Amino acid sequence: MVDMATTSFDPFRDLDRWLSNGMVRTPASVGMPLDLYRKGESFIARIDLPGVDPSTIDVDVEDRTLTVRAERPAHDAEDVQWLAHERPSGTFARQLTLGYGLALDRISAQYTDGVLTLTIPVAEEAKPRKIEVTHASSSHPVIENEKGQA
């Protein structure tokens, strides 16, 4: 028997398990660090993209895979001797595999102060809902026994 009080819908369950087991820092995650959390009936992904030209940001969803691409130009000054060169540049991409029960047609994206915020709403059909139980009188006839008693 499943305890419905402790079971909740979470389309990012596998992603959360992967992140909690020690996220591997890939080139994409170094250039595009991510925070992911649930707030009410939406999932929020916040991706740091400092120094990115907003016109280069591309967000798309195909076959339940959300892809974010952005470009940070390299500083190509002539006659420069680098003492430290830690800020990544170039084209970056990050992908999230989305679970079922999300409203993919209502995902929104906003870029403010170097942070891209994606809001991914839970689909109406995936939200928990209370089912009302109505009481009806019995329409079964009372069966009498051989002595005529009910």
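**Exercise 1. Determine how strand β4 is joined to β5, and place both strands in their sheet.**

Solution. In this predicted model, strand β4, residues 65-72, is joined to β5 by 8 bridges, and the two strands run antiparallel. One of the facing pairs in this ladder puts L66 opposite L96 in β5. The next step is to widen the view to the sheet, which is open, has 3 strands in the order β3-β4-β5, and shows antiparallel pairing. Because β3 (58-62) and β5 (90-97) each have a single partner strand, they stand at the edges, and one side of each is left without a neighbour in the sheet. From one strand to the next, the twist averages 15°.

**Exercise 2. Describe the surroundings of T67 and decide whether this residue is buried or exposed.**

Solution. T67 lies in strand β4, the strand that is joined to β5 in the preceding exercise. Its relative accessibility is 5%, and since buried means under 20%, T67 counts as buried. Turning to the side chain, T67 makes a polar contact with the side chain of Q95 at 3.0 Å. When residues up to four places away in sequence are not counted, T67 touches D58, V59, D60, R94 and Q95, so that Q95 appears in the list of contacts as well as in the polar pair.

**Exercise 3. Work out the strand order of the sheet that contains β1, β2, β6 and β7, and identify its edges.**

Solution. The sheet is open, with 4 strands in the order β1-β2-β7-β6 and antiparallel pairing. The edges are formed by β1 (34-39) and β6 (108-112), because each of them has a single partner strand, which leaves one side of each without a neighbour in the sheet. Neighbouring strands are turned by 20° against each other on average, if direction is ignored.

The pairings can then be followed one at a time along this order.

- β1 and β2 pair in the antiparallel sense over 6 bridges, and the bridge partner of Y37 in β2 is I44.
- β2 (residues 42-48) is joined by 7 bridges to β7 (residues 115-121), and these strands run antiparallel; the facing residues include A45 opposite L118 and I47 opposite L116.
- β6 is joined to β7 by 5 bridges, again with the strands running antiparallel, and Y111 has L116 as its bridge partner in β7.

**Exercise 4. Find which residues take a positive phi in the hairpins of this sheet.**

Solution. The hairpin of β1 and β2 has 2 residues between the strands, and in this hairpin G40 takes a positive phi near 65°. The hairpin of β6 and β7 also has 2 residues between the strands, and there D113 takes a positive phi near 50°.

**Exercise 5. Explain how T117 is placed with respect to R46, and whether T117 is buried or exposed.**

Solution. T117 is found in strand β7, and R46 stands opposite T117. The facing position is accompanied by a polar contact between the side chain of T117 and the side chain of R46, at 3.3 Å. With a relative accessibility of 17%, T117 falls under the 20% limit and therefore counts as buried. Leaving aside neighbours within four places in sequence, T117 is in contact with I44, A45, R46, S108, A109 and Q110. As for the strands themselves, 6 of the 7 residues of β7 are buried, which makes β7 mostly covered, and β2 is mostly covered too, with 5 of its 7 residues buried.

**Exercise 6. State which residues have the most contacts inside the largest nonpolar core, and which elements supply this core.**

Solution. The largest nonpolar core has 19 residues, and those with the most contacts inside it are I47, L49, V68, L116 and L118. Two or more residues are given to this core by each of β2, β4, β5 and β7. The strands β4 and β5 belong to the sheet ordered β3-β4-β5, whereas β2 and β7 belong to the one ordered β1-β2-β7-β6.

To see one core residue in detail, take I47, which stands opposite L116 in β7. Leaving aside neighbours within four places in sequence, I47 is in contact with M32, P33, L34, V68, G114, V115, L116 and L118. Among these contacts of I47 are V68, L116 and L118, which are also named among the core residues with the most contacts. As a general background to this picture, nonpolar side chains in soluble globular proteins tend to be buried together.

Methods
Residues numbered from 1 in each chain as written. Predicted model: local features only at pLDDT ≥ 70, side-chain atom pairs only at ≥ 80, totals over all residues. Heavy atoms only, no water. Pairing = 2+ DSSP bridges. Axes fitted to C-alpha atoms, helices over the stretch in contact; angles between N-to-C directions. Buried < 20%, exposed > 50% of the residue type's maximum accessible area, 1.4 Å probe, protein only. Polar contact = N/O pair within 3.5 Å; in protein donor to acceptor, adjacent residues only side chain to side chain. Contact = heavy atoms within 4.5 Å. Core = buried A, V, L, I, M, F, W, Y, C linked by side-chain atoms within 4.5 Å.
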